[in-house]
Amino acid sequence: MLNKLISNILPYMPQALVWQFSKEYIAGETIEDAVRAAKDLNNEGIKTTIDVLGEFIKNLGEAEANKREYLEVIEVTEKAGVQGNYSLKPTFFGLLIDKEAAYRHIREVVAKAASHGNFVRIDMEDSPCTDLEIELFRRLKAEFPGNVGLVLQAYLKRTHQDIKNLKDLHSAEYPLNLRLCKGIYVEPAAISYKKYDEVNQHFIEDIELMMQEGMYPAIATHDKPVVDGALKLIEKYKVPKDLYEFQMLYGVTPALRKSLVDQGHPMRVYVPFGKQWFGYCTRRVKENPKMASVIMKAIFVK
Ligand code: FAD
């Protein structure tokens with residue numbers, strides 16, 4: 001009830017107040033903010049993946065501008081010597097308006113990263129995007145086998161099969177690099193697991209499948225039981241350090257993050273930045289009202 005109330009009034013709250021909770025989770029508005037945050041993390045032995053905030057654009061003119069912004073981000077970040085790669089959301093490039101135009105824009109971004117020997121992760125959005133984003137990834141992976149990865153969501157019932165279906169893109173030279181996360185959108189029960197234990201169980205099964213196949217799992221979670229399950233699998237399959245990593249969101253569970261880094265596990269932090277932080281945060285809470293409790297804590301429990 002309270003969660004729903006907060007998610008409804010949040011878009012009308014003053015931006016300065018919303019920034020009070022957002023600033024812990026967002027690097028800032030400018031590329032310089034992102035580079036600074038990334039370098040601080042690098043100094044703690046953590047790699048980054050930089051993301052420009054924004055999604056579900058309304059016209060293709062925005063896609064052109066967003067592509068230019070990503071190209072600039074890559075230019076600046078590489079020049080600054082940040083140890084990290086890039087993440088992007090295909091709807092920020094117009095995936096749901098014109099998938100060919102989106103493909104061309106994203107291809108340019110991946111080509112730019114590849115020219116620096118770097119890597120772009122295709123984030124996974126809500127279920128109307130799943131097939132489109134897998135198809136997009138397939139095309140990019142065929143052209144840039146070592147420079148692109150995808151995200152899959154453990155809460156979707158289809159994910160275990162999706163991993164199997166992607167096996168043809170996997171090789172020892174260019175392992176299939178998949179970030180597995182629980183999934184952040186609210187999806188229909190017909191296509192998604194809803195219970196906490198069920199999602200966690202499938203998360204672990206998906207990671208195990210990737211390890212059995214010698215793929216590269218990027219284990220994106222802040223949930224201790226899932227982290228512990230993944231650690232057991234790393235031990236069981238003797239996965240070398242260059243064939244997996246943990247990933248966490250900027251500002252979330254820093255103590256758990258540090259304990260993994262201290263144990264020598266590869267860690268990457270997702271660093272979102274950009275002018276669209278307000279829309280991003282309010283949309284996120286509307287999509288997933290559980291986030292409202294996190295906001296309440298951030299605003300009132302200091
Ligand atoms: P949960 O059980 O949800 O959380 C465990 C604990 O972590 C919570 O109790 C809380 O203490 C803490 N926590 C979790 N999230 C937050 C938060 N945002 N703020 C504060 N505390 C928090 N989802 C997608 O659908 N598509 C993507 O492309 C995608 N990319 C991601 C990239 C990374 C690097 C990460 C870490 C997550 C990504 N997600 C993505 C989000 C993911 O799907 C989950 O919604 C999110 O990570 C919460 O799940 P959890 O595994 O941490 O477990």
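Helix α5 (residues 99-115) and helix α6 (residues 130-143) pack with their axes 11 Å apart, at an angle of about 40°. That angle makes α5 oblique to α6, because angles under 35 degrees count as roughly parallel and 65 to 115 as roughly perpendicular. Keep in mind as you look around that this is a predicted model. Below you will find the helix pairs, and then the ligand and its surroundings.

**How the helices pack**

- Looking again at α5 and α6, you can see that their crossing is right-handed.
- Another pair to find is helix α3 (residues 31-43) and helix α4 (residues 60-80), whose axes cross at roughly 40° and come within 10 Å. That makes α3 oblique to α4.
- The crossing in which α3 passes α4 is right-handed.
- Further along the chain, helix α8 (residues 196-212) packs with helix α9 (residues 224-236) at an angle of about 25°, and their axes are 10 Å apart. This makes α8 roughly parallel to α9, because angles under 35 degrees count that way.
- For α8 and α9, the crossing is right-handed.

**Polar contacts with the ligand**

- The side chain of Q153 has an N or O atom 2.9 Å from an oxygen atom of the ligand.
- R179 also uses its side chain: a polar atom there lies 3.1 Å from a nitrogen atom of the ligand.
- With I184 the backbone takes part, as one of its polar backbone atoms is 3.0 Å from an oxygen atom of the ligand.
- How much of the ligand's accessible area does the protein cover? On its own the ligand has 920 Å² of accessible area, and the protein covers 77% of that.

**Who surrounds the ligand**

- Which elements give two or more residues to the shell around the ligand? They are the strands β4 (148-153), β5 (177-181) and β7 (245-249), together with the helix α12 (291-300).
- β7 provides the largest share of this shell, with 3 residues.
- There are 23 residues around the ligand, and those that come nearest are M124, K182, G183, T221 and H222.
- Sorted by class, the shell holds 14 nonpolar residues, 5 polar ones and 4 charged ones.

**Points to take away**

- Two of the pairs described here, α5 with α6 and α3 with α4, are oblique, while α8 is roughly parallel to α9.
- Around the ligand, Q153 and R179 make contact through side-chain atoms, whereas I184 does so through a backbone atom.

How values were computed
Residues numbered from 1 in each chain as written. Predicted model: local features only at pLDDT ≥ 70, side-chain atom pairs only at ≥ 80, totals over all residues. Heavy atoms only, no water. Near = heavy atom within 4 Å. Polar contact = N/O pair within 3.5 Å; in protein donor to acceptor, adjacent residues only side chain to side chain. Areas by Shrake-Rupley, 256 points an atom, 1.4 Å probe, with all protein chains shown as cover. Helix = DSSP H or I, 4+ residues; strand = E, 2+ residues; numbered from the N terminus. Nonpolar A, V, L, I, M, F, W, Y, C, P; charged D, E, K, R; others polar. Axes fitted to C-alpha atoms, helices over the stretch in contact; angles between N-to-C directions. Parallel < 35°, antiparallel > 145°, perpendicular 65-115°, else oblique. Left-handed = near helix turned anticlockwise from the far one by under 90°.
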